[in-house]
Amino acid sequence: MTDTVSPDPLTLTGRISQMFPILTPAQISRIAARGRRHSVQPGEVLFEAGTERIPFFVVTKGRIEIVRPGGLAETLVAGHGPGQFSGEIQMLSGRRALNRGRASEPGEVIELDREELLALVQTDSELSEIIMRAFILRRVELIAHGFGDVVLIGSSHSSGTLRIKEFLSRNGHPYSYIDLDRDDTVQDMLDQFQVTVADVPVLICRGEVVLKNPDNRQVAACLGFNDAIDQTQIRDVVIVGAGPAGLAAAVYAASEGLDVLVIESNAPGGQAGSSSKIENYLGFPTGISGQALAARAYNQAQKFGAQVVIAQSAIRLVCDHKPYAIEIDDGRRVPARTVVIATGAEYRKPSFDNFTQYEGAGVYFGATFMEAQLCVDEDVIVVGGGNAAGQAAVFLSQTARHVHMLVRSTGLENSMSRYLIRRIEDNPAIILHRQTEIVAMEGGDHLELVSWRNNRFGRSETRAIRHVFFMTGAVPNTQWLDGCLIRDSVGFIKTGPDLSPEDLATTRWPLGRPPYLLETSLPDVFAVGDVRAGNIKRVASAVGEGSISIAFVHQVLHL
Ligand SMILES: Cc1cc2nc3c(=O)[nH]c(=O)nc-3n(C[C@H](O)[C@H](O)[C@H](O)COP(=O)(O)OP(=O)(O)OC[C@H]3O[C@@H](n4cnc5c(N)ncnc54)[C@H](O)[C@@H]3O)c2cc1C
């Protein structure tokens with residue numbers, strides 16, 4: 001690891017000019033028109049690590065440095081000279097600064113607060129492109145170097161470690177990781193913070209707060225993910241779920257001037273975020289990982305001013321009076337003029353009693369780079385015959401020794417795209433077991449043995465396999481809507497023309513007009529993406545429906 005971000009052009013492979021661009025005099029004067037010029041003195045601190053809603057600075061004279069505070073010494077992260085600007089992607093969300101910014105020479109800066117910066121990137125397309133690109137590249141570099149405000153001490157045998165790593169990665173938050181199994185010096189650190197090996201995973205936030213095996217909500221709270229967001233004011237639209245459908249709705253709503261809040265129980269990206277590579281989404285001929293797509297959409301939504309609350313679940317829709325409200329798992333209620341439900345679906349959990357014991361320690365519901373690293377040169381099992389299972393098998397075959405694909409049916413033809421079937425057939429590392437299902441799993445802290453049965457021949461066998469990926473169809477996340485909306489027999493939300501006159505009579509639909517396309521049986525409440533009955537379970541349809549729903553949100557808001 002290097003200890004500076006800016007000065008080594010070789011590691012940045014030519015991206016340095018995009019990461020640290022020098023603005024032209026014309027661009028600087030457009031920024032100056034929105035902010036305030038003032039002089040700075042050497043050593044003057046412009047913002048401190050841990051501060052929320054830090055300002056944006058353009059240097060016109062002198063130099064400012066971004067440093068990582070640590071004990072008596074500081075580590076230089078970046079330096080900005082005349083024409084350059086401070087900041088990275090957290091400026092858009094208003095989250096806490098990861099580093100300290102201070103002047104190193106006498107000089108002058110132009111200062112914009114966060115709202116002024118947002119107005120600039122929303123209205124000046126040339127500066128928006130330069131600033132957004134620099135912010136994103138700087139965040140990528142901070143992640144690559146682990147230059148965050150958090151240290152995770154964990155073990156590859158612990159499911160909690162995998163969960164926290166995934167949570168931080170999917171939220172694009174840089175962190176340093178210390179692996180108990182590989183790092184001999186870790187004991188000193190554990191002693192310093194008075195924790196033991198039994199406490200892992202341990203998270204140390206800003207070198208101060210020590211959390212032992214925290215849940216995602218505690219991690220988000222410690223890192224201040226939601227601190228800058230007011231959850232009490234009434235919003236034009238509250239979107240529940242930040243998968244592709246919710247993020248698309250957020251981008252369109254915010255870019256069209258609506259006041260938008262998104263509530264997400266885990267991290268942006270939804271199911272798509274757990275896909276190693278999406279190859280059929282328009283505009284990405286070489287494919288894109290679900291996480292990369294989600295990160296772009298998340299940044300785009302924030303650029304337009306949408307606010308996204310992380311690691312908080314909607315547990316109830318208060319639907320008996322207006323304004324509606326979304327009750328969150330901490331007891332708070334967020335009022336809303338309109339609601340877009342985009343809570344998607346979750347992979348069906350297996351029926352054995354003991355699978356939860358191995359969740360994250362041999363049993364997985366997504367196959368990304370992180371899980372693939374855990375099964376290098378080992379045999380793995382993928383359960384399921386749909387596209388998600390096919391993608392996972394092909395992806396895992398790049399690192400695993402063998403991938404055993406278990407399907408209950410006699411083949412893949414009715415459930416998987418032709419291109420994936422061909423890749424599976426042509427791949428010697430993938431072994432397809434038709435009419436086969438898992439009947440038992442055994443192990444200690446980690447899964448060790450799996451038994452499966454071939455239902456055609458009634459034969460069972462047990463193998464020493466430590467990793468099973470379940471990709472077996474989805475159930476909708478609609479339990480929290482009980483009593484408010486009409487759903488179909490398996491729980492998906494009915495909308496628009498799918499609502500029969502009987503459905504509308506049952507819920508006492510109060511309006512003279514029928515529900516709009518994507519509108520539920522409750523006026524002004526919409527459902528989009530995988531959670532909606534009749535939806536085609538694809539990223540493109542989720543994005544399409546999320547975008548379209550905003551046209552109807554405008555209609556009901558302006559009636
Ligand atoms: C491994 C995998 C690979 C896939 N590959 C492809 C592909 O290649 N191409 C393709 O087109 N499609 C693919 N899909 C399908 C695609 O990802 C989904 O169709 C798409 O993600 C649906 O988007 P969504 O926003 O409707 O729902 P989801 O992606 O399910 O997102 C819903 C979001 O809502 C959140 N949420 C749920 N309940 C609550 C609550 N109560 N409160 C707050 N938040 C909540 C969830 O945490 C989640 O982030 C794949 C799916 C998987 C799992």
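How much space lies in the second largest pocket? About 550 Å³. A pocket here is an open set of points on a 1 Å grid over the protein atoms alone, where a 1.4 Å probe fits, with protein on both sides within 12 Å along at least five of seven lines. The volume is the space filled by probe spheres set on the points, which are joined across faces, edges and corners.

This is a predicted model: local features need pLDDT of at least 70, side-chain atom pairs count only at pLDDT 80 or more, and totals for chains, interfaces and linings use all residues. Residues are numbered from 1 along each chain as its sequence is written, and side-chain values use heavy atoms, without hydrogens and water.

**Stop one: the pocket**

Select Val383, Gly384, Arg408, Glu437 and Thr472. Of the 25 lining residues (an atom within 4 Å of a point), these are the closest to the pocket's centre. Now show strand E23 (residues 436–443; strands are DSSP E runs of at least two residues, numbered from the N terminus). Strand E23 gives the most to this lining, with four residues.

**Stop two: the ligand**

Move to the ligand. Around it are 35 residues (a heavy atom within 4 Å), and Glu264, Gln271, Asn280, Gln391 and Asp530 come nearest.

Next, show the polar contacts (pairs of N or O atoms within 3.5 Å):
- Asparagine 280: a side-chain N or O atom is 2.8 Å from a ligand nitrogen.
- Serine 265: a polar backbone atom is 3.1 Å from a ligand nitrogen.
- Glycine 270: a backbone N or O atom is 3.4 Å from a ligand oxygen.

Technical notes:
Polar contact = N/O pair within 3.5 Å; in protein donor to acceptor, adjacent residues only side chain to side chain.
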